[in-house]
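Good morning, and thank you for joining. I should like to take you through the ligand site, then an internal cavity, and finally a single residue.

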Amino acid sequence: MDEKKTIFSGIQPSGELTLGSYLGAIKNWVELADTYNTYYCIVDMHAITVRQDPAQLRRRAVSQIAQYIACGLDPKDNVIFIQSHVPEHAQLAWVLDCYTMFGELSRMTQFKDKSAKNADNINAGLFTYPALMAADILLYQADLVPVGEDQKQHVELTRDIAHRFNTIYGDVFTMPEPFIPKTGARIMSLTTPENKMSKSDKDPGGCIYLLEKPEDILRSFKRAVTDSDTVVRFDPENKKGVSNLMTIYSAATGKTMEEIENEFVGKGYGDFKLAVGEAVVEQLRPIREKTEDLLKNKDYLVSVYRDGAERASHAAYKTLRKVYKKIGFPEK
Ligand code: AQP
């Protein structure tokens with residue numbers, strides 16, 4: 001009997017992976033492989049809720065596999081796969097759509113944000129996105145879902161859907177818990193620190209990308225928005241830009257906020273921003289180099305995601321069969 005608990009998480013290939021994707025998600029995944037059964041997905045079906053260029057979407061999905069591995073996820077110890085390769089995601093999503101309420105979906109902050117950003121394309125998929133995300137999680141009977149703060153609401157809705165289903169049909173789904181990192185749970189844009197750093201942000205200066213060159217990273221930090229004060233102090237309410245930079249510095253170096261405040265007493269924001277930039281450059285350098293190497297070996301990457309899809313399908317099919325049986329679909 002397998003005593004290990006299960007983890008599922010995913011990232012959309014809707015843009016190049018950012019420092020937010022890394023600190024809010026992937027970095028934490030790496031530490032969990034020994035303790036849990038882990039499923040890490042490239043959620044390309046979620047990505048098409050916003051229009052994507054097909055060639056870019058395809059390229060990014062494969063590049064994302066390479067970046068997951070370069071960040072330290074060993075494909076032997078983690079099931080790494082592409083969502084569209086495992087049809088059970090779409091199949092369970094339809095079932096869960098029928099157990100998710102219109103009112104619940106209407107309350108989702110991400111739907112409201114993305115509808116405002118894509119006013120000309122408020123499609124049904126954008127609205128039912130959380131039911132597909134619930135399917136992703138529940139298919140693997142995940143106990144924990146490592147996500148950034150912004151995705152907590154979706155995991156809570158997943159719990160409500162699972163509870164509703166289990167109440168009718170018995171214990172079909174494991175109740176998942178969100179697992180939010182202490183540092184890096186919400187990395188904000190460097191240019192508009194009131195907004196989350198997002199890979200589809202139209203302002204590239206606000207984002208740091210995992211594969212960005214050191215000189216570009218340093219330039220973005222140099223231009224990062226701070227305030228008219230001159231003190232490095234953690235105060236997310238009144239000093240959003242500086243506090244965000246401190247969060248990034250803390251995540252990159254392991255230093256506490258107090259240690260960071262002491263380090264920069266009497267120094268200007270220029271020194272502070274340079275130190276943050278340099279720490280991030282050093283953290284990302286091995287990831288970029290390893291990714292570049294992996295991208296030269298396409299056959300290996302294909303073998304990783306095919307093997308991942310096979311292992312994922314094995315678990316997913318088991319859950320889907322149980323669900324179909326419970327709701328009354330005849331067996332094939
Ligand atoms: N800025 C962030 N800070 C902390 N965590 C973050 N995550 C994303 N951005 C930050 C976490 O990364 C995981 C993957 O998220 P996703 O790509 O599936 O969806 P998202 O949250 O919509 O990410 P983006 O970058 O904002 O994508 P777009 O621009 O396409 O909408 C999640 O665990 C998320 O919390």
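Which atom of the ligand is 2.5 Å from an N or O atom in the side chain of Ser 198? It is an oxygen atom of the ligand. Before I continue, please note that this is a predicted model, in which local features need pLDDT of at least 70 and side-chain atom pairs count only at pLDDT 80 or more, while totals for chains, interfaces and linings use all residues. Residues are numbered from 1 along each chain as its sequence is written, and side-chain values use heavy atoms, with hydrogens and water left out.

The Ser 198 pair is a polar contact, that is, a pair of N or O atoms within 3.5 Å; within protein, one must be able to donate a hydrogen and the other to accept it, and residues adjacent in sequence count only if both atoms are side-chain atoms. Ser 200 also uses its side chain, with an N or O atom 2.4 Å from an oxygen atom of the ligand. Met 197, by contrast, offers a backbone N or O atom, 2.9 Å from a nitrogen atom of the ligand. Taken alone, the ligand exposes 640 Å², and the protein buries 97% of that (Shrake-Rupley areas with a 1.4 Å probe; for residues, only the protein chains shown count as cover).

The elements that give two or more residues to the shell around the ligand are β1 (5-11), α1 (19-30) and α6. The largest share, three residues, comes from α1. Helices here are DSSP runs of H or I with at least four residues, strands are runs of E with at least two, and both are numbered from the N terminus. In total, 22 residues surround the ligand, each with a heavy atom within 4 Å of it. Among the closest are Ser 14 and Lys 114.

Lys 114 leads us to the cavity, since the lining of the largest cavity also includes Lys 114. Phe 111, Tyr 129 and His 154 are among the other lining residues. The elements giving two or more residues to this lining are α6 (109-117) and α7 (124-139).

Lastly, where does Arg 159 lie? Arg 159 is in helix α8, residues 152-169. Its relative accessible area is 25%, so Arg 159 is partly exposed, a class between buried, under 20%, and exposed, over 50%, with a 1.4 Å probe and protein chains only. The C-alpha atoms of Arg 159 and Thr 174 are separated by 9.0 Å, at 15 residues apart along the chain.

Key:
On a 1 Å grid over the protein atoms alone, a cavity is a set of points where a 1.4 Å probe fits but cannot get out, and a pocket is an open set with protein on both sides within 12 Å along at least five of seven lines; lining residues have an atom within 4 Å of a point.
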